Amino acid sequence: MSTVHGGEPSRWQQVRRIARWEFNRFVKWRQQVIGIVVMVVVGTASVVLTKLVREAKTDATTVAVVNGAALGFSLPVVDDVVWLSDRYATEQAARDAVAADSVGGVLLVRSAQAAEIVVRKRAAWTSAVETALTTARQGAAFAALPITDVQRASLLAPFSVSVSTVARREGGSEASSLMMTGSILAFGMLVLFNGFASLFTGITGEKQQRITEQIIAIVPPQTWMDGKILGLVSAALVGTLLFGLTSLALLATLPRLLGSGSFPMPAISGDPATVTVVGLVTLLGIIMWFSFMAAIAATIDDPNSSPRSSLLLVPILPLGLAFSLLSRPDTVVAQVLSVFPLTSMAVLPVRLLLTSVPWWEPALAVVLLALAAWAFRRAAGTIFALGILLHGKEPTLAETWRWLRHTR
């Protein structure tokens, strides 16, 4: 495979050259640096503006109270609300004051359990008043009970329940395992969505250029497709990695520079076996989905008008299934989806975190993912080789299946 005959490059050398060309085509280091600078500027501006909004002083709202004695307890303290208890003696007078914009609102007390708030238009402070009144009423009811402070505190104390696993590796924790597994899964999904646009552009664009027909006369179509997949996967990994590292750096530094609470960053640890399996499944899943989408893109003539471009959303379905199985990770359906190639990338990490998984499930998932990636890669090369010669018409599913069946 790696030998060179007659001075011609080997197949692997051709794959590397095509991959390097695709990588450099979509990863422009100057643009990457500009993107990082833009992220830093936008992130800093967002944090600064958020801090200014939170610390901005607002005028307190005056709220008149009618029949406040019927409450049976003192009016609670509510942020940015000033109570006017003796301003208006009748309900109509208070309503007229609200209509004239003399006060921000009026609290009409009907009984110790009910009241009505009258405002000129919807206001955010009304929900805070409702919550404060409920808390004050409950506090007054507890205070009236013939019990001691110790008994009252015991009634209000929550029941404490802690959950732990039977075995925990030294230096690891459930929180860090959850953090690492979730981060790897999120990184994999970002790589997919970050790279699919480049994948469709890189493959469908080649079909529209006549020079490609001359290239595949020299380079085998499968070699051409392998180089494209390898280069585009590498470009998506690098771009997403830079984005993730920049985001983490902003989360770690900006809050401290602005004097606010820092974002909690748990230690990077956890169960090494789980993290390794999740990382391997994620990498194979990325390669498989890129190969799958490469096969789809090879059938598309114009990505701007083809309905097959909607297949970019297919990888979202496994993620939705993974979330739906959070409460039932031990079902037979969850076991099947954790080894099925099109869903294992999202479902298997969830099962590894939430339940006990036999060793053969991750092993089978890895094998099936590798086989699926190989099969989609071969399919992409076959479809591209024949589709590059077909202009102005997208092959039907029947034609595509016939190509694959006759070129095994």
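Arginine 351 counts as buried in this predicted model, because its relative accessibility of 2% falls under the 20% limit. The residue belongs to helix α12, which covers residues 341-354. Leaving aside residues up to four places away in sequence, arginine 351 touches Pro329, Asp330, Ala334, Gln335, Ser338, Ser356, Val357 and Glu361. With glutamate 361 there is a polar contact between the two side chains, at 2.4 Å. Glutamine 335, another of the residues touched, is 16 residues from arginine 351 in sequence, with a C-alpha to C-alpha distance of 8.3 Å.

The aromatic residues form a second topic. A pair of aromatic rings is described by the distance between the centres and the angle between the planes. Searching the whole structure yields 2 aromatic pairs. In one of them, the ring centres of tryptophan 289 and phenylalanine 292 are 5.5 Å apart and the planes stand at 85 degrees; the pair is therefore edge-to-face, as the angle is over 60 degrees. Both residues are located in helix α9 (residues 272-297), separated by 3 residues, or about one turn of the helix, and both are buried.

Phenylalanine 292 also pairs with phenylalanine 376, again edge-to-face, with 5.1 Å from centre to centre and 75 degrees between the planes. Since phenylalanine 292 lies in helix α9 and phenylalanine 376 in helix α13 (residues 360-387), this pair ties together parts that are 84 residues apart in sequence. Phenylalanine 292 has a relative accessible area of 16% and is therefore buried, whereas phenylalanine 376, at 22%, counts as partly exposed. Trp289, Phe292 and Phe376 thus make up one aromatic cluster.

Conventions. Residues numbered from 1 in each chain as written. Predicted model: local features only at pLDDT ≥ 70, side-chain atom pairs only at ≥ 80, totals over all residues. Heavy atoms only, no water. Phe/Tyr/Trp six-rings, centres within 6.5 Å; stacked < 30°, edge-to-face > 60°. Helix = DSSP H or I, 4+ residues; strand = E, 2+ residues; numbered from the N terminus. Buried < 20%, exposed > 50% of the residue type's maximum accessible area, 1.4 Å probe, protein only. Contact = heavy atoms within 4.5 Å. Polar contact = N/O pair within 3.5 Å; in protein donor to acceptor, adjacent residues only side chain to side chain.
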